[in-house]
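Open the model in your viewer and keep the selection panel at hand. The tour goes from one selection to the next and says what is found at each stop.

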Amino acid sequence: MAQPPRLIAWEFTAGCNLSCVHCRGSSTSDVSPDELTTDEAKHFVDEIVEMGKPILILSGGEPLVRKDVYEIARYGTDSGLRVVLATNGTLLTPDVTAKLKDAGIQRISVSIDGATAKTHDDFRGVPGAFDGAMRGIEAIKQAGIGFQINTTITKRNIDEIPKILELATEIGAEAHHIFLLVPTGRGKDIENEEIPPSEYERVLNWFYDQQKTTKIQLKATCAPHYFRIMRQRAKEEGIKITAKTHGYEAMTRGCLGGTGFCFVSSIGEVYPCGYLPALAGNIKEQTFKEIWDNSKVFNDLRDLSKLKGKCGECEYKKVCGGCRARAYAETGDYLAEEPYCIYTPRKIQEQE
């Protein structure tokens, strides 16, 4: 029996008011008629609660373009779930954030991909997106809701990451989560903007160093290598990794797709994550529990002995696992070795 998910990202709608260059879902203002209805959305919440009490992320697209977002957030909250919201921030007003507060939203993540309006607006495809997000953040603060900043790292903004962290700290964010670009959706069109593996390693080492001094929570997402780097660095420093020394990251692992996390699309499709288009099932056709427990892709991902190439040989595979989405994007095989990892496992080193 599979452990229930700890985190579910729900693409509440694929509709969006922006046209971001790196968008996983290639979201537009057009909305599919097959999106879950309000009643279907509530039924999905009921199915989640039958399995456990994961954190439910209302995401998109832009979840605020859907009118029943407050109703579903309240329904999830009343069902005992911790409901959070992921937004681009531009539609947040004092009235909107007051309604979100009343609906029980526990935290809001706002995507900021540049330390300046020029860089951020370039990402978001709409002039004024940065200023709109900053106004939205002020509205969040007025409502008394905690918020975090999410940043996708590519070549076009890598030099601004330290300044974005400074900005997140200055404006009162509780956390800063960095995402390493995975080339899916519109992100495929800027595949050449992925930072090279050596930069990937450098950024994650820098991120580890920031954990020691920053005043806010830091988390690396779509960056499973971080959990290998964290252990390598801690060993060098003679530090034992515990919840006290490394917080939540001491108790989790790199890729959680299919093990502690999944992604549900606006039309009910279930995937290991939003960047890995390997379909596990559809909640319109099966119960969520049936999909979570029995789908081939989820059970493949739970069996680390199936990992191929150097990921299969790696002594860190239990804490890293490699990015299955990048493996799939590169090879068409979600069990293939992570293409953006420069580490050579000890077992392979000994054979050379």
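**Stop one: two helices**

The helices H3 and H5 lie oblique to each other, because their packing angle is about 45° and an angle that is neither roughly parallel, roughly antiparallel nor roughly perpendicular counts as oblique. Note before going on that this is a predicted model. To bring up the two helices, select residues 94–102 for H3 and residues 129–143 for H5; their axes are 8 Å apart. H3 passes H5 in a crossing that is right-handed.

Now show the side chains in the contact. On the H3 side, pick Pro94, Thr97, Ala98 and Lys101; on the H5 side, pick Ala139, Ile140, Gln142 and Ala143. Coloured by class, these residues show up as five nonpolar, two polar and one charged.

**Stop two: H7 and H8**

Next, select residues 197–211, which are helix H7, and residues 225–236, which are helix H8. The two axes cross at roughly 60° and come within 10 Å. H7 and H8 are therefore oblique to each other. Their crossing is right-handed.

Which residues of H7 meet H8? From H7 come Tyr200, Glu201, Leu204, Asn205, Phe207, Tyr208, Asp209 and Gln211. Facing them in H8 are His225, Tyr226, Arg228, Ile229, Met230, Arg233 and Ala234. The contact of H7 with H8 is made up of eight nonpolar, three polar and four charged residues.

**Stop three: aromatic rings**

The structure holds 10 aromatic pairs. For one of them, stay with H7 and H8 and select Phe207 and Tyr226: their rings are edge-to-face, 6.1 Å centre to centre, with 80° between the planes. The pair links distant parts of the chain, Phe207 in H7 and Tyr226 in H8 being 19 residues apart. Is each ring's residue buried or exposed? Phe207 counts as buried because its relative accessibility is 0%. Tyr226 is buried too, with a relative accessible area of 1%.

Then select Trp10, Phe12, Phe44, Phe288, Trp292 and Phe298, which form one aromatic cluster.

**Stop four: Leu167**

Last, select Leu167, found in helix H6, residues 161–170. Leu167 has a relative accessible area of 17%, so this residue is buried. What is Leu167 in contact with, leaving aside its neighbours within four places in sequence? Add Ile112, Phe130 and Met134 to the selection to see these contacts. For a longer view along the chain, add Cys16: Leu167 and Cys16 are 151 residues apart in the chain, and their C-alpha atoms are separated by 25 Å.

Terms used. Residues are numbered from 1 along each chain as its sequence is written. This is a predicted model: local features need pLDDT of at least 70, side-chain atom pairs count only at pLDDT 80 or more; totals for chains, interfaces and linings use all residues. Side-chain values use heavy atoms; hydrogens and water are left out. Helices (H or I, at least four residues) and strands (E, at least two) are DSSP runs, numbered from the N terminus. Buried means under 20% relative accessible area, exposed over 50%, partly exposed in between (1.4 Å probe, protein chains only). Contact means heavy atoms within 4.5 Å. Axes are lines fitted to C-alpha atoms, for helices over the stretch in contact, and angles run from 0 to 180 degrees between N-to-C directions. Angles under 35 degrees count as roughly parallel, over 145 as roughly antiparallel, 65 to 115 as roughly perpendicular and the rest as oblique. A crossing is left-handed if the near helix is turned anticlockwise from the far one by less than a right angle, and right-handed if clockwise. Ala, Val, Leu, Ile, Met, Phe, Trp, Tyr, Cys and Pro count as nonpolar, Asp, Glu, Lys and Arg as charged, and the others, Gly among them, as polar. Rings of Phe, Tyr and Trp (its six-membered ring) pair if their centres lie within 6.5 Å; planes under 30 degrees apart count as stacked, over 60 as edge-to-face and the rest as tilted.
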